[in-house]
Amino acid sequence: MADHYEILGVTKDATQEEIKKAYRRLARELHPDVNPSETASERFKDVTHAYDVLSDPNERQRYDMGGTNGAGFGGFGDIFETFFGGGFGGGGGPRSRSERGEDALIRIDVELEEVIFGKEREISINTAVVCQTCDGSCVQPGTTPVTCDVCQGRGSVERQVRSLFGNMVTSHTCGSCRGYGTIIPNPCLTCGGKGRTRERKTLTIDIPAGVEEGTRMQIRGGGEVGPGGGQTGDLFIEFRIANHEIFTRQNDDLLCTLNVDITDGVLGTTTTIDALDGEVELNIEPGVQSGDTLTIKGRGLQRFNSSSRGDLRVIVQVQTPTKLSNKEKELIKQFQVLRGRKEPHFSEANQSFFEKMKGRFFR
């Protein structure tokens, strides 16, 4: 039997893309619709069979090792079959060209604004889809697979061997049709006889409200179409939550730091802040201290698989001015005289600023 690499005109270290290009070039030259001669027809069959073997990484490896599609013995599988009666071979009927497709995993970045209530989003993926030319049949339109003349459509052949135990009949995968029971003399030129092509596809997904970092969502049937137009695999989407410039997340609560002028800290004030879901009115009591936390119930993130929400926690940071005019300094000194100056001193441990900070992050 002629060497498959020689038939396609490629070297033994050729890439899959080089093998595919060589096949397409020869197929256009030898296809019966283009070249009706008997010689071209025979060469076309040889080219197709060589491509079927070399385009499949597993079959190519077996062939390179002297497997069932090349000259010589069929490797470990045939040795096993010879002594134990077809443990690796056929006998169970021809195998189907249609197989389940691979599952796929993609990771997407989600903004915190999208997590608060959930959001619908379109994503684009590069995946395997059913070949539009052959509709997954693997053959050129208007043609059909033909029954393998070696195994007569069984997908396996029997071999009688003589061993120490006497004559034995073993069954093994047909090397001519690779166990399919049929041969495709006219494979689809679009997909190369695979029944599927690659395409960029747009999907609409729902980002769940309250989804957490690393959560995976399964979309059944969203993965790759299998060889021979087989069942579609599943798509898994892993969510990564992007950092926000103002808000941070602690479970289902939202945390932020609000800078308050020293005069508002002393006298108190009412202000409006922009939360992720709209404006919130915030009342700052007189005498508020840096590290104090103001909690607004129910304005955090919606809990995963729930309609309830966490809280918005605002940590106050009182701002001490660094530049004062002479008049401002004079007024501060007057205030100091009226209030009475107090020397700097330690706070009790349970009232310290650091305790307040610890409560902020480890609540």
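## A walk through the chain, stop by stop

Let us begin at an exposed spot: select Asp135, which counts as exposed at 65% relative accessibility. You are looking at a predicted model, and Asp135 lies in the loop that runs between strand E2 (119-130) and strand E3 (146-147). Check the backbone while you are there: Asp135 is not a glycine, yet its phi is positive, at about 55°. For context, most residues other than glycine have a negative phi.

**Two more positive phi values**

Next, go to Asn251, in the loop between strand E10 (248-250) and strand E11 (253-261). Here too the phi is positive, about 60°, in a residue that is not a glycine. Is Asn251 buried or exposed? Asn251 is exposed, and its relative accessible area is 60%.

Now select residues 326-339, which make up helix H8. Its 14 residues should span 20 Å at 1.5 Å a residue, and the end C-alpha atoms are indeed 20 Å apart. Step just past H8 and you meet Gly340, with a positive phi of about 90°.

**Zooming out**

Show the whole chain for a moment. You should find 9 helices and 15 strands. Of the 363 residues, 38% count as buried. The accessible surface comes to about 22000 Å², and carbon and sulfur atoms account for 49% of that. If you draw the contacts between residues at least 6 apart in sequence, 66% of them join residues at least 24 apart.

**Into the cores**

Select Leu312 and Val314 next: these have the most contacts inside the largest nonpolar core, a set of 34 residues. Which residues does Leu312 touch, leaving aside neighbours within four places in sequence? Its contacts are Phe247, Leu254, Cys256, Ile273, Ala275, Val280, Leu294, Thr295, Ile296, Arg299 and Gly300. A second core, separate from that one, has 19 residues, among them Tyr5, Ile7, Leu26 and Phe44.

**Helix H3 and its cover**

Phe44 leads us to helix H3, so colour residues 38-54. This helix has 17 residues and reaches 25 Å from first C-alpha to last, close to the 24 Å expected at 1.5 Å a residue. Its buried residues are Ala40, Phe44, Val47, Thr48, Ala50, Tyr51, Asp52, Val53 and Leu54. As you look along them, recall that an α-helix has 3.6 residues a turn, so residues three or four places apart point the same way. What covers the buried residues of H3? The cover includes helix H1 (4-8), helix H2 (16-30) and helix H4 (57-64).

**Rings to finish on**

Keep H2 and H3 in view and show the side chains of Tyr23 and Tyr51. A search of the whole structure finds 1 aromatic pair, and Tyr23 and Tyr51 form it: the rings are stacked, 4.2 Å centre to centre with 10° between the planes. Because Tyr23 lies in helix H2 and Tyr51 in helix H3, the pair ties together parts that are 28 residues apart in sequence. Tyr23 is buried, with a relative accessible area of 1%, and Tyr51 counts as buried too, at 5% relative accessibility.

For the last stop, select Arg97 and Tyr180. The charged end of Arg97 sits over the ring of Tyr180, and the distance to the ring's centre is 4.1 Å.

Definitions and conventions:
Residues numbered from 1 in each chain as written. Predicted model: local features only at pLDDT ≥ 70, side-chain atom pairs only at ≥ 80, totals over all residues. Heavy atoms only, no water. Helix = DSSP H or I, 4+ residues; strand = E, 2+ residues; numbered from the N terminus. Expected span 1.5 Å × (residues − 1). Buried < 20%, exposed > 50% of the residue type's maximum accessible area, 1.4 Å probe, protein only. Contact = heavy atoms within 4.5 Å. Areas by Shrake-Rupley, 256 points an atom, 1.4 Å probe, with all protein chains shown as cover. Phe/Tyr/Trp six-rings, centres within 6.5 Å; stacked < 30°, edge-to-face > 60°. Lys NZ or Arg CZ within 6 Å of the ring centre and 35° of its normal. Core = buried A, V, L, I, M, F, W, Y, C linked by side-chain atoms within 4.5 Å.
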